[in-house]
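Biologist: I should like to go through this structure with you and ask how each term is justified.

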Amino acid sequence: MHTYLQKKIENIKTTLGEMSGGYHRMVTAMADLGVSGTMKAIWDDLLAHRSVAQ
C-alpha cells in the first residue's frame with residue numbers, strides 16, 4: 001500500500017522523466033537545425049506574425 005508521500009514522490013519522478021525526455025528531444029532537434037535554423041525557429045515561434053501590442 002502506498003502512502004500519500006510515496007505517491008507524490010512517484011508523480012514527481014514521472015514528471016521529471018517526462019521533462020528530461022522533452023529537453024532531450026528539443027536539444028536533438030536544435031542540433032539537427034543548426035544555429036541559424038534554431039534562431040529562425042525561435043523567431044517564428046515567438047515573434048513572427050504578431051502585432052506590436054501582442
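The dialogue below sets computed values against their definitions.

Modeller: This is a predicted model, in which local features need pLDDT of at least 70, side-chain atom pairs count only at pLDDT 80 or more, and totals for chains, interfaces and linings use all residues. Residues are numbered from 1 along each chain as its sequence is written, and side-chain values use heavy atoms, with hydrogens and water left out.

Biologist: How many helices and strands are there in the protein chain?

Modeller: The protein chain has one helix and zero strands. Helices (H or I, at least four residues) and strands (E, at least two) are DSSP runs, numbered from the N terminus.

Biologist: Why is the protein chain called more spread out than a compact globule?

Modeller: The radius of gyration is taken over C-alpha atoms, and the globule rule is 2.2 Å times the number of residues to the power 0.38. For 54 residues that rule gives 10 Å, whereas the protein chain has 18 Å, well over the rule, so it is more spread out than a compact globule. Along its principal axes, the C-alpha trace spans about 55 × 30 × 10 Å.

Biologist: What is the span of helix 1 between its end C-alpha atoms, set against that of a straight helix?

Modeller: The expected span is 1.5 Å times one less than the number of residues. A straight helix of 43 residues would span 63 Å, but helix 1 spans only 40 Å. Helix 1 also has a kink of about 115 degrees, centred on glycine 34; the bend at a residue is the angle between axes fitted to the seven residues ending there and the seven starting there.

Biologist: What makes the contact of lysine 40 and aspartate 44 a salt bridge?

Modeller: A salt bridge requires a side-chain nitrogen of Lys or Arg within 4 Å of a carboxyl oxygen of Asp or Glu. The side chains of lysine 40 and aspartate 44 meet at 2.7 Å, N to O, so the definition is satisfied. The two residues are four apart in helix 1, and therefore separated by about one helical turn. The structure holds one salt bridge.

Biologist: Why is aspartate 44 called partly exposed?

Modeller: Buried means under 20% relative accessible area, exposed over 50%, and partly exposed in between (1.4 Å probe, protein chains only). Aspartate 44 has a relative accessible area of 34%, and is therefore partly exposed. Glutamate 10, in helix 1, is likewise partly exposed, at 39%. Buried residues make up 6% of the 54 residues in the protein chain.
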